[in-house]
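User: Take a close look at a single part of this structure for me: the strand pairing. Then place it in the wider chain, ligand included.

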Amino acid sequence: MNISKEQFKDDYQKAFTNMYASTLEGGSSTQQYTALGTLLRSYVAEYWRDERERYIKEGQKQVFYFSIEFLPGKFLENNANNMDILDIVEEGCKELGLDFDEITAAEAEPAIGNGGLGRLASCYMDAGASLGYPLHGNGIRYRHGLFRQKIVDGYQAELPDNWLRHRNAWEVRDHKSSVLVRFGGNVYLDGFHPVYEDTDDVVAVAYDIPMIGYHLSTVNTMRLWSAEVPPEEEEEGLASKEKYEAVDEITEFLYPDDSSYEGKLLRLKQEYFFVSAGIQTIMKSFKRYQISPKDLSEKIAIHINDTHPALAIPELMRILLDEEKLTWDQAWEITINTCAYTNHTVLREAMETWRCDMVKKLIPRIYMIIEEIDRRYVEQNKPIYGDELVQSTRPIQDDYLHMAHLAIIGSHSVNGVAGLHSKILSEDVLRDFSEMTPHKFNNKTNGISQRRYLHVANPELRELISECIGEDWLTNPASMKVLLAYQNDQSVLSKLADIKHQNKEKLAQYIKENNGIEVNTDAIFDVLIKRLHAYKRQHLQLLHIIHLYFYLKDNPQADFQPRVFIFGAKAAPSYVFAKDVIKVINEVAETINNDPDCKDKLQVVFIENYGAALAELIIPAAEISEQISLAGKEASGTGNMKMMLNGALTMGTLDGANVEINSFVGDENMFVFGLRKEEVDRYNERASYNSKDLYKSDAKIKRVVDSLVDGTFPRIQIEGQTIYDHLITHNDEYYALKDFHSFVEAQEKAAKLYKNKDEWNKKSLINIANSGPFSADYAVQRYASEIWIAQPKAMRTDKSIVTSH
Ligand code: 73E
């Protein structure tokens, strides 16, 4: 975008005064942020509108990404960067006497996602807009995002996240796009026509946020829905207090569970609410432009991100049947051709199933349609595939609705999110489906936004890379490979090390201010940041740290490679094991950080309230990227890609996308350890793993595990016992003890390598150079060309958007 600094400063001052009737310098940083965000949004407003109209006029195929979570991170810097005015904004603020860092800090993070799933959706929004694809988000505007985590006495406490307190500068409430969503009541068919009685209606109000592409390629829309009482009910005084409360509740908060599922009615309501609102809107706009529903799958694609939006399938059927009056067969063909589904997990506890009586009561017409989908599925497939296969794959089984089955049956494409994960889906978890419809199954390895995680989060590294290889990599990340030519260039390697050190200093400063701990910035920064879950095995790292602690206590004079272990993780509030792991980490940290034998050698930091915003501070400072899930459990992971991009070396099992990282960089540039997936399967099949035997026969393991319960670390009686029981009494479900020695060895290898700085820096550079293929841009291109069959717009070459300001 073309704008001068002077013009920007002028606009900013005016915008501030318009908004707050006072002067910019006297405003609070929150006000300064809000006015700045609003101003930048106004810069793209006309272009945003024009792009929406252009898509329709040109009849370009639109893609709607339905996701119950988005995790966009902060908007300001990323949007300014994509508008090519980040420097102008930064310098302009400075010249106006404002502190840009304070302004960016004042932006509330929209924590409307839990972790990887939501963050992936947002990376894809960014990539879609940057490449000029008409890719729009459809989700929920939760008034409260994921809880704010506070550590109190080592325990996680959960505080409400009121991210909308100061309003969201980027959103536009579009009440004219409101739609009615019907719940409950009775439905019966009068011929083919459904008659509704006594329904409980809710209005879905649209809030649109612009998704601004890099170099302003295009501006797409992320539409988030908020529930309100229908205005007619309000005006006629028909709505009771209970009704207001029940409606408010629908979009009040995000369920705080990651990779797990609870069959709560409210969650089902949320799912139908945003899906119905989204599908109705899509259909309405097509009517407005007189596009025949028969052409739907040529004009739009609907992406179902995990099973939460799977009701899009029967909802689309409902509209095609009840409103468009198509036959079942016509409607079904259109639905399948329009919808595609991504699976993100193989964990049993994350598989959504709903009690049929619940679905029937909440959304009776939708349930009728699901029953019919099920009936026809059995009728048509039994003669071809036999009873066994059909029974195991039908959507309704034993009075439960299986959402993954519905999603697969109603979609033309089913993909996993990394090579290994997709293989597990088609050969194991979804084998019956892939036998019946192999053509639907495919892999789309996840991708990340290099703009956010490198260009914006680590500008010094961006500069260094551009100094070496020019600027092509900014839009063509595969060409980062050219950087390999510098792997023996001492001057580049030492600049790389300096940048890492500066980023470590920045993080150390944050840790000092927030944890009161002064960490040794010459130590290895060993980082484990992700949601807390037993399968991700934060407790394995904990055991390793305790092992090092004992080593130092036994050998206080040993030549020990200093280490700072950094954790960041939220636990679902009802997940006892996960919460107990947090407590134990904090108490182990307390003991170690206060032990003079460990001073400047071994330090443990738990960073409170880890989320998308803190990730951007921590990732550039990471030297070891911990990706230590049990093989076969982590579908992909994306933190692994982000840390690799910033030059960290992966310490990982052959799980999820670690396998692809390994294939790009080779064994010599990462630390692979642990059981392979096949080995885990073998132990499971034969039930031949006995953690208690291992514990009894292995003195090192025994000592470490016993320390959880023998008072070595005070104040963890109950919590230490939980982990002990998990490991010993309940047979160590995730094989942490089995992988312990292999992990310790890999860690020792890393410590040894770190002493050779040149070698380490070289490997770091090799990791950066090989991270290009993980760009979300490529992932979105693959989705577009292989699943959505959507085209990007022809790109402008001049890159200049001139605003009317
Ligand atoms: O491996 C990650 C993956 O990188 C996976 O665990 C995560 O999705 C990421 C993006 O593909 C994920 N989250 C959920 N399922 N898989 C999930 C399930 C239910 C609620 C919230 C999140």
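Analyst: Two strands pair if DSSP finds at least two bridges between them. Strands are DSSP runs of E, at least two residues long, numbered from the N terminus. This is a predicted model, with local features needing pLDDT of at least 70 and side-chain atom pairs pLDDT 80 or more, while totals for chains, interfaces and linings use all residues. Residues count from 1 along each chain as its sequence is written, and side-chain values use heavy atoms, without hydrogens or water.

Start with the whole sheet. It is open, has 6 strands and pairs in parallel. Read across, the order is β19-β18-β17-β20-β21-β22. The edges are β19 (602-607) and β22 (671-672). Each edge strand has a single partner, so one side of each has no neighbour in the sheet.

Now zoom in on β20, residues 624-627. On one side, β20 pairs with β17 (residues 524-529) in the parallel sense, over 2 bridges. There, valine 527 has serine 625 of β20 as its bridge partner. β20 also pairs with β21 (residues 649-652), again parallel, over 4 bridges. Serine 625 turns up here too: its bridge partner in β21 is threonine 650.

Both faces of β20 are covered. Ile624 and Glu626 are buried on one side (under 20% relative accessible area, 1.4 Å probe, protein chains only). Ser625 and Gln627 are buried on the other.

Further along the sheet, β18 (residues 563-568) and β19 pair in the parallel sense over 6 bridges. Isoleucine 566 stands opposite valine 605 in β19.

Next, the chain as a whole. It divides into domain 1 (1-58 + 83-108), domain 2 (60-74 + 111-443) and domain 3 (450-733 + 740-766). These bounds come from an automatic or database assignment. Taken over C-alpha atoms, the centres of domain 1 and domain 3 are 38 Å apart.

Finally, the ligand. Domains 2 and 3 both give residues to its shell, so the ligand lies between them. There are 18 residues around it (a heavy atom within 4 Å). His344, Asn446, Glu634, Ser636 and Gly637 come nearest. The shell holds 5 nonpolar, 9 polar and 4 charged residues.

Three side chains put an N or O atom within 3.5 Å of a ligand oxygen, the cut-off for a polar contact. For glutamate 634 the distance is 2.5 Å. For asparagine 446 it is 2.9 Å. For tyrosine 535 it is 3.3 Å. Taken alone, the ligand exposes 480 Å², and the protein buries 98% of that.

Technical notes: Polar contact = N/O pair within 3.5 Å; in protein donor to acceptor, adjacent residues only side chain to side chain. Areas by Shrake-Rupley, 256 points an atom, 1.4 Å probe, with all protein chains shown as cover. Nonpolar A, V, L, I, M, F, W, Y, C, P; charged D, E, K, R; others polar. Buried < 20%, exposed > 50% of the residue type's maximum accessible area, 1.4 Å probe, protein only.
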